[in-house]
2 protein chains.
Amino acid sequence: MLTIGEFSRLTHLSVRTLRRYHEGELLEPAVVDGATGYRYYSVEQIPTAQVINRLRELDVPLSDVQRILRTPDPGVRSTLVAGHLRRLEAELSRTRAAVTSLRRLLQPDPAPIEVELRAEPAREVAAVEAVIGHADVEAWFAGAMAELQAAVGAGRTGPPGGNYDNSLFEEGRGRVLVYLPTSTPPRTGRVHAVTLPAAELAVTTHVGEHEGVDVTYGELGAWVVENAMSVAGPVREVYLVGPRDVSDPAAWRTEIGWPVFRVT
Amino acid sequence: MLTIGEFSRLTHLSVRTLRRYHEGELLEPAVVDGATGYRYYSVEQIPTAQVINRLRELDVPLSDVQRILRTPDPGVRSTLVAGHLRRLEAELSRTRAAVTSLRRLLQPDPAPIEVELRAEPAREVAAVEAVIGHADVEAWFAGAMAELQAAVGAGRTGPPGGNYDNSLFEEGRGRVLVYLPTSTPPRTGRVHAVTLPAAELAVTTHVGEHEGVDVTYGELGAWVVENAMSVAGPVREVYLVGPRDVSDPAAWRTEIGWPVFRVT
DNA sequence: TGTGGACCCTCCCCCAGGGGGAGGGTCCAG
DNA sequence: CTGGACCCTCCCCCTGGGGGAGGGTCCACA
């Protein structure tokens, strides 16, 4: 039996942290003296403490650490760990995108964006929609688009698009709709016909990776304000050239349309 | 002038976050109505908001974001940003190390470590010492070792070593001492002669990268406890084979000695 | 058999960087 | 002029810890 201080020295976890892990039922001392409350640990608990330490270094939330530790089957366990490793990779690519985008922001490009005011008529498309959280958009988009492609196939009459509720950005959760234009929208699985309403759009084109698109949003927003207009309704993106067409991100083109109305 | 809601839609920052940035003097509205407290932003503030957003995505603390924003000179500014990018890289390598170490932990190696009990006599060495935080050890070590190498030169009579106070791991701050054995310790700069006290050591050898050394610590600790001993004093590491000798981490060998005394 | 110091306990407050919600004032179009 | 959207402040919540107060416990040495 080891006192908490001894165990701390052996695992390089602070006494405070060990007490917290006890409280959170992550690493319970082998023995707790009922009279004094003293915690006593056993040597066998050292590897467990080190696994916790490693997972915490990977910023795995304590609740997930707990779940991993309670999973007896090593196969399932490594699946859980692999999930977090994927999360780390996603975070890494997000970081890379932020870095490049930051560079773009800090070396200000004086080239002003071109904005076109366009009256878009209503039209019917094949769509998949859902209310989801901001963090899940990317994964959801991939699945929805795959389902759409399978359902529409060669009947596609134009580039795919997506509409995004403003609440998605303001509150982190909102309605998202992805669509493929087609003359006869099918109805299979999540795919169904949707009529995109007519709208007055302020339209510009974002060139390059989709990360950093919010800079273009900002420029578009500035244009809208300067032209005495106000935004109304979900933003519309049309993927003119995307990863499905060209692998080089520099060639991608995303049309961004913001429904506006004149303020006078 | 834009209301906070409009500005939120244009920057994809939540209203709450914008208010917080105002409170923290990071992004102050262009106009604040004295009577109502309403915040009004200008279009020119959109790029600033996006820079903040980018930096936050890189986990730059708000205080540092503030410092960056208040730096007018773009050269100095990009230096500050570059510092954070270096921090990101360091974090990335730390993450990689944790991943490999985690794999090692989850695929338990049944090979037990070999521990030797050794009486180490006192000896005089050339050393550099300091009380520092756990996070700074790596950087400090590099500098101290460079100074030692310069001072001792060819007079080296054995592999370098380092002693680490337990408080470094328990409280995140403690005394660290790195040394080079030499017959005539010089006295220049931070380098001075130190007598390492005699001690009874439980010694084992850690093979491979220094990350993951705490697993070896754990095994050594378990051995110490199982052999009815207790640890006393700072841990001693001796870098038998290190990055200065061989570039392949798999060949590195670190001797770890924990001062012990018999309990019974 | 003390006793002093190291060790341990609980409890409360602090940090960043937000989110949720209550309670109430303001703006503006119909 | 009124209703609903919008805005305000204030307080508590989250995670994963750290600092410190106030007090009990263990144990080696005298």
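Which residue of β8(B) does R123(B) stand opposite? In this predicted model, the partner of R123(B) in β8(B) is L196(B). The legends below begin with that pairing and then turn to the N-terminal sheets, the DNA strands, a salt bridge and the confidence of the model.

**Figure 1. Strand β5 of chain B pairs with both β8(B) and β7(B).**
Strand β5(B) covers residues 123-133, and its antiparallel pairing with β8(B), residues 192-196, runs over five bridges. The view includes R123(B) facing L196(B) across these two strands. With β7(B), residues 173-181, strand β5(B) is again antiparallel, here over nine bridges. On that side V131(B) stands opposite R175(B) of β7(B). In general, strands of a sheet are joined through backbone hydrogen bonds, in a parallel or an antiparallel sense.

**Figure 2. An open, antiparallel sheet of three strands in chain A.**
The strand order is β1-β3-β2. Strands β1 (2-3) and β2 (31-32) of chain A lie at the edges, each pairing on one side only. Two bridges link β1(A) to β3(A), residues 39-41, in the antiparallel sense, and T3(A) is placed opposite Y40(A) of β3(A). The UniProt record, an unreviewed entry, lists residues 1-71 of chain A as "domain: HTH merR-type". Over residues 1-71, chain A is 54% helix and 10% strand, and the C-alpha atoms at the two ends are 25 Å apart.

**Figure 3. An open, antiparallel sheet of three strands in chain B.**
In chain B the strands follow the order β1-β3-β2. The edges are formed by β1 (2-3) and β2 (31-32) of chain B, each of which pairs on one side only. Strand β1(B) meets β3(B), residues 39-41, in an antiparallel pairing over two bridges. Within this pairing, T3(B) stands opposite Y40(B) in β3(B).

**Figure 4. The protein surface near DNA strand D draws on helices of both chains.**
DNA strand D is surrounded by 18 residues, of which R16(A), R20(A), Y38(A), G5(B) and R19(B) are the closest. Helix α2 (15-23) of chain A and helix α1 (4-11) of chain B each supply at least two residues of this surface. The greatest contribution, four residues, is that of α2(A). By class, the residues near DNA strand D comprise six nonpolar, seven polar and five charged. Sugar or phosphate provides 65% of the atoms of DNA strand D within 4 Å of the protein, and the bases provide the rest. One contact to a base is shown by R20(A), with a polar side-chain atom 2.6 Å from a base nitrogen. Phosphate oxygens of DNA strand D are approached by backbone atoms: a polar backbone atom of L62(A) lies at 3.1 Å, and a backbone N or O atom of G5(B) lies at 2.7 Å.

**Figure 5. The protein surface near DNA strand C also includes residues from helices of chains A and B.**
Among the 18 residues around DNA strand C, those that come nearest are G5(A), R19(A), R16(B), R20(B) and Y38(B). Of the atoms of DNA strand C that come within 4 Å of the protein, 65% belong to sugar and phosphate. Helix α1 (4-11) of chain A and helix α2 (15-23) of chain B each give at least two residues to the surface, and α2(B) gives the most, with four. The surface near DNA strand C consists of six nonpolar, seven polar and five charged residues. A polar side-chain atom of R20(B) is 2.7 Å from a base nitrogen of DNA strand C. Backbone contacts to phosphate oxygens include a polar atom of I4(A) at 3.5 Å and a backbone N or O atom of L62(B) at 3.1 Å.

**Figure 6. A salt bridge joins E57(B) and R54(B).**
The N to O distance between the two side chains is 3.6 Å. Because E57(B) and R54(B) are three residues apart in helix α3 (residues 46-57) of chain B, about one helical turn separates them. Over all chains, the structure holds 18 salt bridges.

**Figure 7. Confidence along chain A varies between strands β3(A) and β10(A).**
Chain A has a mean pLDDT of 88, with 98% of its residues at 70 or more. Confidence in chain A is highest in β3(A), at 96, and lowest in β10(A), residues 229-231, at a mean of 76.

Definitions and conventions: Residues numbered from 1 in each chain as written. Chains lettered and ligands numbered in written order. Predicted model: local features only at pLDDT ≥ 70, side-chain atom pairs only at ≥ 80, totals over all residues. Heavy atoms only, no water. Near = heavy atom within 4 Å. Polar contact = N/O pair within 3.5 Å; in protein donor to acceptor, adjacent residues only side chain to side chain. Nonpolar A, V, L, I, M, F, W, Y, C, P; charged D, E, K, R; others polar. Pairing = 2+ DSSP bridges. pLDDT = per-residue confidence, 0-100. UniProt positions renumbered as here; feature names shortened; annotations may be inferred. Salt bridge = Lys/Arg side-chain N within 4 Å of Asp/Glu carboxyl O.
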